[in-house]
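Biologist: I've got a fresh model to look through and could use a guide. Please pull it up and let's start with a residue.

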Amino acid sequence: MTTTPAWKGASTGSQPLAGQVNQFLGTHAATFIYVGASQGSSTTLAGTATNTNSLYIAQQFTPGSNQTIQRWILTLAVTGSPAPLTYTIQTSSGGAPSGTILSTTVIPKEYLTGVATAVSVPTAQTALTSGTQYWFVFNAVGDVSNFYSVSRTTAASGASTSTNGSTWTAQGYGLYYQRFDTTVTGNLTHTYEDTGARWTTTTFNANATPNTLQEYTVAQAANDYVYSSRTFGYSGTVLTSLT
Amino acid sequence: MPTTPTPAWMSNRDTLTSDPSGSMGSDDLNQYLGTHAGNIIYQGKSVLTPNGTGGAPWFLVLGRADIDQPFTMSGTTIGRVSIPVLPVGIGADLLVSLCANNAGVPGTVIQQTLIPQEWIYALSAVSALPGSSFVSPTINYTGNPLGTAQFNDFFMGSNVSVSWPFPTTGTGGANTATSSTFYSNYIIMAGGTSGGAATSGVYTITYDTTGVLGPAIPQQSLPAPDDGSAVMTVATDPSTGAATVVYTGGSTTAGGSPINKVYTTTLNTITGNLTSWSAQTNMPTAVQNHAMASYNGYVYVIGGGTGGGGLSYSVSYAQVQNGQISSWAQTTPLPSSVPTTVFMWAGVSNGFLFVFGGFDGTNGQTDAWYAPILSSGAIGAWSPAPPVPTTVYVTDGIPAMQADQSGLMAVANGSFVSLAVSEFGPDTGWQTATYTGSGVILGLASGGNGTWQYYAAANAQYTTMPIDLTPRISVPLPATSLTNGATYHILIQQQGGDLNNYLRMHADFNVFPGNPIGLSSARAAFTWSNILNNMAVPLQIFDQSALALPLHTWEDSGTRISTIVRTGTPDLSIIGLCESTLQPAPPVNQTWNFNNGLGQWTATGGTIALSTAHVYQQLSQSALLTPSGAAAQSFLSGDLAPVLLGHTYSGAIVCFSTVGYASVSVNINWYTSVGGALTPTSGTVSAIPANTWTRFAVAASPPATAAYGQIVAMESGTPPASALLYVATGALTDHQGVPQASVTQITYGNSWPTPVGPPVSLVQLA
């Protein structure tokens with residue numbers, strides 16, 4: 001074995017793997033993602049949403065310059081307890097997502113609430129070509145009681161949906177998004193390791209001390225993961241607790 | 001179903017496929033993949049400070065009894081508790097609990113922490129030889145590198161006053177306001193006033209380690225009288241061990257101007273005789289009521305009055321060679337912020353020169369300072385030391401008492417105050433005890449093993465008492481939302497140990513306001529009675545104030561804890577790290593899986609049978625609950641298991657349902673020693689999804705009078721007969737398992753005041 005195995009948590013009922021021990025014995029390939037500079041957005045909310053219950057949901061975007069993106073802000077909500085939400089960046093083919101994936105991020109339900117909230121999501125560093133159409137896609141997941149809701153904007157177009165992930169139908173609305181590049185500006189917001197096998201999010205207080213820390217690590221079984229969410233407690237600026 | 005929360009810390013008892021009664025196997029790995037909930041615990045502010053009047057050293061034997069100390073809470077939070085604990089042999093683990101009050105005895109456990117034996121021993125500067133608990137312990141220094149002042153201080157034993165027919169005043173005796181010092185087993189007194197006139201008489205008084213003070217023996221008189229404002233110390237030649245008494249300054253007339261004269265004499269440590277005094281090179285400055293100390297063949301003259309109200313801030317030093325002083329040099333002067341330089345105490349411990357207190361003519365002072373003594377004999381920069389808890393100033397020219405290399409102590413204003421000092425600097429604060437003795441002529445006999453015998457003589461009697469170097473283990477025990485003014489309990493229980501390896505604690509009198517008396521019970525019996533002679537445990541409680549630097553971490557309800565050991569010098573380097581992670585204990589109920597049958601498990605509101613239809617991991621069978629369909633609750637009950645009061649237990653079941661069911665829980669039934677049912681502990685009722693092995697768990701402490709626990713796997717809400725429940729494991733486990741402990745020393749290339757630089761090694765001490 002020559003490289004450190006990718007991060008992988010253990011799943012109840014699954015046989016343990018040597019890699020799950022060896023993952024702690026080396027440093028992992030990682031990206032440190034700061035706030036970055038905004039490179040494009042569509043942020044006028046319509047107050048409605050599209051649900052992922054049996055439906056793939058996608059939004060097209062065309063950068064106006066060559067850019068490398070590694071962070072997105074999306075407005076999402078969760079109902080019930082669906083399996084995690086898979087978010088991909090894809091190239092375009094025939095005016096629809098091509099299925100060629102440039103980046104994958106799995107978003108656990110614990111990251112969201114029942115109220116549509118703008119959340120920061122890291123991705124792999126994705127080089128985009130000016131004038132070329134791309135898509136971000138939410139995979140279908142859940143059922144009538146357990147699903148994710150992707151907020152729409154007032155745009156009259158931009159979004160497409162699919163029941164199978166390959167045949168797409170354009171919609172008369174857009175989806176909310178902001179995308180950010182790799183500029184090292186602002187606080188360290190995410191780490192992204194092993195092509196999304198493990199990623200973290202840190203939020204900060206006004207005095208630049210960490211406020212919350214969320215950690216996601218994919219696990220062995222299908223749709224399984226290990227997740228941690230902590231809030232830092234202080235006495236003044238002195239750290240006293242993690243809850 | 002995703003394993004969403006980061007599992008609590010646990011050390012492994014088994015391989016990765018660890019037995020499912022203690023944990024899900026995946027938890028063993030996943031604990032490393034997320035940040036854990038916990039507390040960072042700082043030094044904190046003392047909210048309960050011991051101030052006894054002198055008790056019984058190491059009187060309480062935890063190998064034979066559980067000890068409980070009631071106290072009145074001040075404030076609403078607790079961060080840590082400092083407990084005097086002596087390891088006998090290698091000692092044992094220590095379980096410390098904060099309990100609510102239950103009619104004067106410890107009640108519900110609010111918080112609990114297990115301290116491993118390895119920590120206790122590694123942080124102790126002294127320990128006792130292994131042996132019977134029915135005899136007094138034989139104490140020895142451990143030499144442990146992490147036995148620092150931070151975790152070791154002094155305990156004052158009970159004092160006695162003894163008739164001493166050798167009065168220190170009047171004709172035939174010594175004089176009032178004399179200059180005094182002590183060395184080896186001798187008090188040395190010189191000069192003073194008698195009838196308003198300065199005198200030149202010199203006396204020595206012998207003492208030992210058993211409490212016997214000898215008579216005052218006249219010695220060679222001073223070359224000139226002194227009114228007692230001179231100061232003396234004894235320097236030891238590092239090559240020959242010869243003891244030279246150095247007598248400096250003072251005034252030849254009562255209340256007169258200071259002089260700069262220096263005289264020396266040699267003390268015969270066998271006979272106690274002094275040779276003739278000889279004049280030496282004068283000091284650079286004429287001073288009186290100054291301070292003196294000695295170290296490594298050097299003597300130091302610090303501050304003093306220069307006459308007419310003037311103060312000197314100078315520090316002069318000289319090397320004593322063959323009983324002679326040929327020259328004086330100046331070194332780092334006292335900081336100008338020192339409020340006064342007369343009647344200060346001075347002492348040396350572990351290569352640090354300390355000065356504290358003083359009297360400015362109106363008020364006593366509490367200032368304390370220290371400086372490192374360099375190899376040249378000069379001293380480095382002064383740094384502030386913890387202020388003395390009470391004003392202190394010299395009476396009769398007595399320096400602070402140096403307790404070998406363990407620290408300094410003194411008596412002032414009815415208090416015995418002590419400051420532990422190690423090679424890594426002073427402790428963060430002084431300890432105090434109420435001193436009910438009397439006397440001003442002081443001596444301290446060293447037993448050479450962390451014990452001393454203190455003497456204070458005056459007129460026709462003397463006071464004597466034992467003093468013990470005392471390891472104090474700091475126990476992280478965070479608790480909030482406590483009630484100010486309410487009674488709580490610190491319950492202290494040894495875990496494990498044997499007849500030769502156990503723990504002891506001090507007991508003292510009148511320790512806390514209101515004099516709450518400590519309680520004792522046979523181990524695990526919870527039948528409480530007052531500690532003999534109505535004594536108490538001189539522990540100390542600190543709140544959660546984020547003061548100074550982090551001292552502990554406490555994660556996942558005490559499952560993983562750590563202690564950071566630092567120097568007491570201004571660099572505050574980290575020199576040690578203690579870690580502990582609990583390993584889940586084996587189940588206490590005999591039948592926790594069904595590979596070998598159902599054991600004593602029974603069904604209520606349904607039937608029980610062995611099944612191979614759905615088995616978990618490497619297990620071969622499960623217990624199948626088939627509800628009757630008519631009962632509000634259908635459940636399986638395990639065998640009764642003995643439980644210990646003051647402990648916390650986890651009840652956990654792993655079960656499976658092909659169709660899923662909305663209302664499943666694990667409960668713990670409690671019973672008295674005669675089988676009487678007590679209020680059960682009910683776990684959270686939640687759904688089991690279809691076709692997924694799912695773990696349900698609950699934790700609780702046994703109620704008072706409980707002797708047995710019983711785990712129960714339950715379906716509630718009138719489960720239909722189709723809601724089959726396959727139970728793979730049902731385990732009742734003591735939360736306080738065996739700690740996996742480590743103690744690591746961190747070493748550097750240098751020590752303060754030289755910049756220490758980066759660490760050079762990690763030494764595994766345990």
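Biologist: Leaving aside neighbours within four places in sequence, what is Gln125(A) in contact with?
Modeller: Once neighbours within four places in sequence are left aside, Gln125(A) is in contact with Thr31(A), Thr68(A), Ile69(A), Gln70(A) and Thr182(A). Contact here means heavy atoms within 4.5 Å.

Biologist: Before I go on, what is this, and how is it numbered and lettered?
Modeller: This is a predicted model, where local features need pLDDT of at least 70 and side-chain atom pairs count only at pLDDT 80 or more, while totals for chains, interfaces and linings use all residues. Residues are numbered from 1 along each chain as its sequence is written, chains are lettered from A and ligands numbered from 1 in the order in which they are written, and side-chain values use heavy atoms, with hydrogens and water left out.

Biologist: Okay, back to Gln125(A). Which strand has it?
Modeller: Gln125(A) is in strand β8 of chain A, residues 117-128. Strands (E, at least two residues) and helices (H or I, at least four) are DSSP runs, numbered from the N terminus.

Biologist: Which side chain does Gln125(A) make a polar contact with?
Modeller: With the side chain of Gln70(A), at 2.9 Å. A polar contact is a pair of N or O atoms within 3.5 Å; within protein, one must be able to donate a hydrogen and the other to accept it, and residues adjacent in sequence count only if both atoms are side-chain atoms.

Biologist: And how far is Gln125(A) from Thr195(A)?
Modeller: Their C-alpha atoms are separated by 9.5 Å, and the two are 70 residues apart along the chain.

Biologist: Why does Gln125(A) count as partly exposed?
Modeller: Because its relative accessible area is 46%. Buried is under 20%, exposed is over 50%, and partly exposed is in between (1.4 Å probe, protein chains only).

Biologist: New one: where is Tyr234(A) found?
Modeller: In strand β18 of chain A, which covers residues 225-235. Tyr234(A) counts as partly exposed too, because its relative accessibility is 24%.

Biologist: Which backbone oxygen does its side chain reach?
Modeller: The side chain of Tyr234(A) reaches that of Pro210(A), at 2.5 Å. Those two residues are 24 apart in sequence, with 9.9 Å from C-alpha to C-alpha. Not counting residues up to four places away, Tyr234(A) also touches others, including Asn205(A), Thr209(A) and Leu239(A).

Biologist: Zooming out, how many helices and strands are in chain A?
Modeller: Chain A has 1 helix and 19 strands. Its C-alpha atoms fill a box of roughly 50 × 45 × 40 Å along the principal axes. Of its 243 residues, 48% count as buried. Of the contacts in chain A with a separation of 6 or more, 69% are between residues 24 or more positions apart.

Biologist: And what does chain B have?
Modeller: Chain B comes with 2 helices and 62 strands. Its C-alpha trace spans about 110 × 55 × 40 Å along the principal axes. It has 766 residues, and 60% of them are buried. Pairs 24 or more positions apart give 68% of its contacts with a separation of 6 or more.

Biologist: Let's pick a loop in chain B. Which one does Asn144(B) lie in?
Modeller: The one between β10 (139-141) and β11 (152-156). Asn144(B) is buried, because its relative accessible area is 17%.

Biologist: What does the side chain of Asn144(B) reach?
Modeller: One target is the backbone oxygen of Tyr121(B), at 2.6 Å. Another is the backbone oxygen of Ser124(B), at 3.2 Å. Beyond four places in sequence, Asn144(B) is in contact with Tyr121(B), Ala122(B) and Ser124(B).

Biologist: Anything odd in the backbone?
Modeller: Some background first: most residues other than glycine have a negative phi, and most peptide bonds are trans. In chain B, a cis peptide bond joins Trp752(B) and Pro753(B), with omega about 10°. Pro753(B) is in the loop between β61 (738-748) and β62 (759-764).

Biologist: What is phi for Ala103(B)?
Modeller: Near 55°, so a positive value in a residue that isn't glycine. Ala103(B) is in the loop between β7 (93-102) and β8 (105-115) of chain B. With a relative accessible area of 77%, Ala103(B) is exposed.

Biologist: And Asn533(B), what's its phi?
Modeller: About 65°, a positive phi although Asn533(B) is not a glycine. Asn533(B) lies in the loop between β44 (529-530) and β45 (540-542).
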